[in-house]
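Reader: Please take me through one part of this model at close range, and tie it to the spaces and buried residues that help to place it. I would like each term given with its cut-offs as you go.

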Amino acid sequence: MITKTFSQEGALGKAIPGFQPRQAQLDMAEAVRKAIKDQSQLVIEAGTGTGKTFAYLVPALLSGKKTIISTGSKNLQEQLFHRDLPLMTSALGFYGQVALLKGRANYLCIERLGRQMIESHGTHTDPTLLTQLVKVRSWASESKSGDLGECDAIAEDSPVIPTITSTNDNCLGKDCPNYTECFVLKARKKALDADVVVVNHHLFMADLAIKETGFGELIPEAEVFIFDEAHQIPDIASQYFGQSLSSRQIQELAKDIEIGYRTEAKDMRQLQKVADKLVQSASDLRICLGEPGFRGNWREAINSPSIAREVERVREAIDFAIEVLKLVLGRSQLLDVAFERAHTIKGRIDRVCDVSITGYSYWFDTTPRHFSLHITPLSVADKFHEQIELKQGTWIFTSATLAVNDDFGHFTSRLGLKPSAQFSLPSPFDYPTQARLCVPRYLPEPNSPGLADKLVTMLAPLIEQNQGRCFFLCTSHSMMRELGERFREVLSVPVLMQGETSKQKTLAEFMELGNALLVATGAFWEGIDVRGDTLSCVIIDKLPFTAPDDPLLKARIEDCRLKGGDPFAQVQLPDAVITLKQGVGRLIRDKKDKGALIICDNRLVTREYGGVFLASLPAIPRTRDLGVIEDFLHQISVTNNQD
């Protein structure tokens, strides 16, 4: 049945114009079919262009079993639900129900919108905020899903969104006057009734860690679980099996107390004082934690007298909130829930400040306005394995980057998996013809002073000659900013930098311009699909080893050492190889794509471990001569112009 479906005369051949059967795709579909039949675990690395989405969708839909598909991001989730699934369901004549389920922060909360509308008519009103609220209200009256991603009236990063969506902490649950109209509830009900549900890893892990309450089980029971972009799961699972406390949670609590005071408990002036004290104490701690964009060791930080003092002030503000809220219990739904949340936050502060418990990493990170304190388990293998045992069924993990030099041990051991089959499928692309890889000669040492200047001097002529059409992927924000500024001084082509607008807008602008250099970091190393001659060169500043002072990495290294392992070989190297494979995967996205990859790190050829990186990459012809790359890119450009 599978073979017939994937043939030119079969369902896919009829549904997809120009469909070509691919052996690797067929092999993967057969392996997925067998895993579903045997209720087993399967791990598959499928190189770019294998067509892995259809390879798991077809057997899942044909099995007739309830299936949950989890993807790495909301963008991939939407692409799967709005593009790939409809194509497959119509090709296969599948009549079951399909549903898209996102985290609650994506759905409009009618109750909170109503409260914001009342609040926004007060004295402190920002007129642009009111305009946005009115636009959302008019959209909401038409919307069936309440998914704010479908509301074009507001930007995806609009500051109004957190005020009109609920969190697990502030949801009123069954006590909410709008409970029967609730968009989150409707989306979950639809998911419970559906045969195929598309979620993302964050939502799946939140459910697995039983973080979500108020609506019972978040993700419905299923028989088949499929994870696409599965390489992200170990790190995401770590976040959810740990605990976090953020200044955002404290500020949202303060905001709700203020709204409760202004709308339902106007005689309780103390509530305003509570809200002010909460906001002030959170922002004082944020300032005390230093520079934004920083990940620090919380165990060490809390030993600093000034930080310990600010933490104590946050504690006092929470205690004060609890005392005052106790006086208004029963008068307001919003304030009753705020009382419970204040207790929850107090418990989290106590937990993150007890740094004596072993087996966890204690760390914090900062943005310009916020901080988060985290406790993350060093290993989620036992917990994840336990959940798989509880749920039983079929578990399938796939990504273009799971193996390190053909070994899956790094991935499977982090999740406690015991797959009955695991294998890599080669990409159908002809890398020897389509691509070239260069580690240029005369490279400065990684981390040497003036590195950005030297890279700009070395690579600007090549980028100019190629008329942009280039991604420069960096391993740090500081390197990205330095390179972006320097390239803007010397290049005539447009230079875009990640972070100056949203990821989607930056990418759309890059594709529209057709001759730009995009300097980016983390977010652009994966999940980006630019086909054709808009992108013909990917440059990587250095091998993507995680910064040695990263507290999470430090803790994993320590844990590995305690178990008698080799931290470099078992933790640092495999992580870096998988990240590099993701970055390299941005270059060739199609059988017609051609392009050059430049990695500006001598260690790839001078260190023994460089061989592990090279063995894990596609078979791309290598050179050390930038001139060879210039000629190759020039040839591509000439050919494209002739076409």
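Author: Thr534 makes a convenient starting point, in the loop between strand S15 (517–520) and strand S16 (537–540), where helices (H or I, at least four residues) and strands (E, at least two) are DSSP runs numbered from the N terminus. This is a predicted model, in which local features need pLDDT of at least 70 and side-chain atom pairs count only at pLDDT 80 or more, while totals for chains, interfaces and linings use all residues. Residues are numbered from 1 along each chain as its sequence is written, and side-chain values use heavy atoms, with hydrogens and water left out.

Thr534 has a relative accessible area of 17% and is therefore buried, a term that means under 20% relative accessible area, with exposed over 50% and partly exposed in between (1.4 Å probe, protein chains only). Leaving aside residues up to four places away in sequence, Thr534 touches Arg469, Phe510, Met511 and Gly514, contact meaning heavy atoms within 4.5 Å.

The part for the close look is helix H22, which covers residues 551–562. Its twelve residues reach 16 Å from the first C-alpha to the last, close to the 16 Å expected at 1.5 Å a residue; the expected span is 1.5 Å times one less than the number of residues. At the start of H22, a side-chain oxygen of Asp550 comes to within 3.0 Å of the backbone nitrogen of Leu553. This falls under the definition of a polar contact, a pair of N or O atoms within 3.5 Å, for which, within protein, one must be able to donate a hydrogen and the other to accept it, and residues adjacent in sequence count only if both atoms are side-chain atoms. After H22 comes Gly564, with a positive phi near 80°.

The buried residues of H22 are Pro551, Leu552, Leu553, Ala555, Arg556, Ile557, Asp559 and Cys560. They pack against helix H10 (233–240), strand S7 (295–297), strand S8 (360–366), strand S9 (371–377), helix H17 (409–415) and helix H23 (567–584).

H22 also borders an open space, for H10, H17, H22 and H23 each supply at least two residues of the lining of the second largest pocket. On a 1 Å grid over the protein atoms alone, a cavity is a set of points where a 1.4 Å probe fits but cannot get out, a pocket is an open set with protein on both sides within 12 Å along at least five of seven lines, and lining residues have an atom within 4 Å of a point. The second largest pocket holds about 520 Å³ of space, a volume being the space filled by probe spheres set on the points, which are joined across faces, edges and corners. Of its 23 lining residues, His410, Ser413, Arg414, Gln570 and Val571 lie nearest the centre. By class, this lining has ten nonpolar, eight polar and five charged residues, where Ala, Val, Leu, Ile, Met, Phe, Trp, Tyr, Cys and Pro count as nonpolar, Asp, Glu, Lys and Arg as charged, and the others, Gly among them, as polar.

Val571 leads on to Leu604, 33 residues apart from it in sequence and 18 Å apart in space, C-alpha to C-alpha. Leu604 is in helix H24 (residues 603–606) and is buried, because its relative accessible area is 2%. Not counting residues up to four places away in sequence, Leu604 touches Val439, Leu543, Ile599, Gly610, Gly611, Phe613 and Leu614.
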